[in-house]
Amino acid sequence: MSLRPRRTRHRVPTWLQWIGQTLSFGFLCVSALAAIVLIIIPLVSGSQTYSVLTNSMAPSYPAGTFLVVKPTPADALQVGDVITFQMESGRPEVITHRITALTAGQNGERLLITQGDNNDEVDPQPVQGIQVRGTLMYAVPYVGFLASALGQTDRGGMITALAVALIAFGAVTMIRGAIHHRRETRDGVLITGASDALDASVTTPAAEYAVDPDRTEKVHR
């Protein structure tokens, strides 16, 4: 009768398991943070997101920066605020610059003088309050490149799907690592118990069948 060789399971070193679990947990945290910063906060606050396409606001907000802009009343705008506004009232094209001064039109309307941080001159036309989309809430470097590559069509849905996929992948990786660690621990306990039982079964018969000198002497007489 032929016997099939028993497969030997090689245990992963503890330090390697720890590194894998740490990386999985870190990836999960980064994915969750990205989802919160790029999706949840803008949705909850009613903010809009934009991508910087030029370096007019460098070095603070260079090209590729992802901007989250919150709605702000026009009368609350102050010098120093970074605002996103329509280049022409009613047009979809927008620009993000800093307010450098406040002025008033002939009819007393409040106007904003804006300028890019990296520009030498102020913008040619004052900005009306109706043109302002909001003030900068926060910015995330480099993410704007990805947003621009996705385009404006369904960009929010695609980013949401990507964030959900990242979180799901991180969670699955972390859970698999925890299950593997528990399995390795259980196998270690079983192997130790089996080894102790085997040692006991080997040493016990030796004690039971020890030679009795008196009986040996009687046999040889």
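Two strands count as paired if DSSP finds at least two bridges between them. With that in mind, welcome to this predicted model, where seven strands form an open, antiparallel sheet. A good place to start is strand S3, residues 82-86, and then to look outward to the strands beside it.

**The sheet as a whole**
- Read across the sheet, the strands come in the order S1-S2-S7-S3-S4-S5-S6.
- The edges are strand S1 (48-51) and strand S6 (127-128), each of which pairs on one side only.
- As general background, strands of a sheet pair through backbone hydrogen bonds, either parallel or antiparallel.

**Strand S3 up close**
- S3 is mostly covered, with five of its five residues buried.
- Val-82, Thr-84 and Gln-86 point one way from the strand, while Ile-83 and Phe-85 point the other way.
- Residues on both of these sides of S3 are buried.

**The neighbours of S3**
- On S4 (residues 94-104), S3 has an antiparallel partner joined to it by five bridges.
- To see this pairing in the structure, find Thr-84, which stands opposite Thr-96 in S4.
- S3 also pairs with S7 (residues 132-140), again in the antiparallel sense, over three bridges.
- Here you can look for Phe-85, which stands opposite Val-132 in S7.

**Onward from S4**
- S4 is joined to strand S5 (residues 110-115) by six bridges, and these two strands run antiparallel.
- One contact to pick out is that of Thr-103, whose bridge partner in S5 is Leu-111.

Note on methods
Residues are numbered from 1 along each chain as its sequence is written. This is a predicted model: local features need pLDDT of at least 70, side-chain atom pairs count only at pLDDT 80 or more; totals for chains, interfaces and linings use all residues. Side-chain values use heavy atoms; hydrogens and water are left out. Buried means under 20% relative accessible area, exposed over 50%, partly exposed in between (1.4 Å probe, protein chains only). Helices (H or I, at least four residues) and strands (E, at least two) are DSSP runs, numbered from the N terminus.
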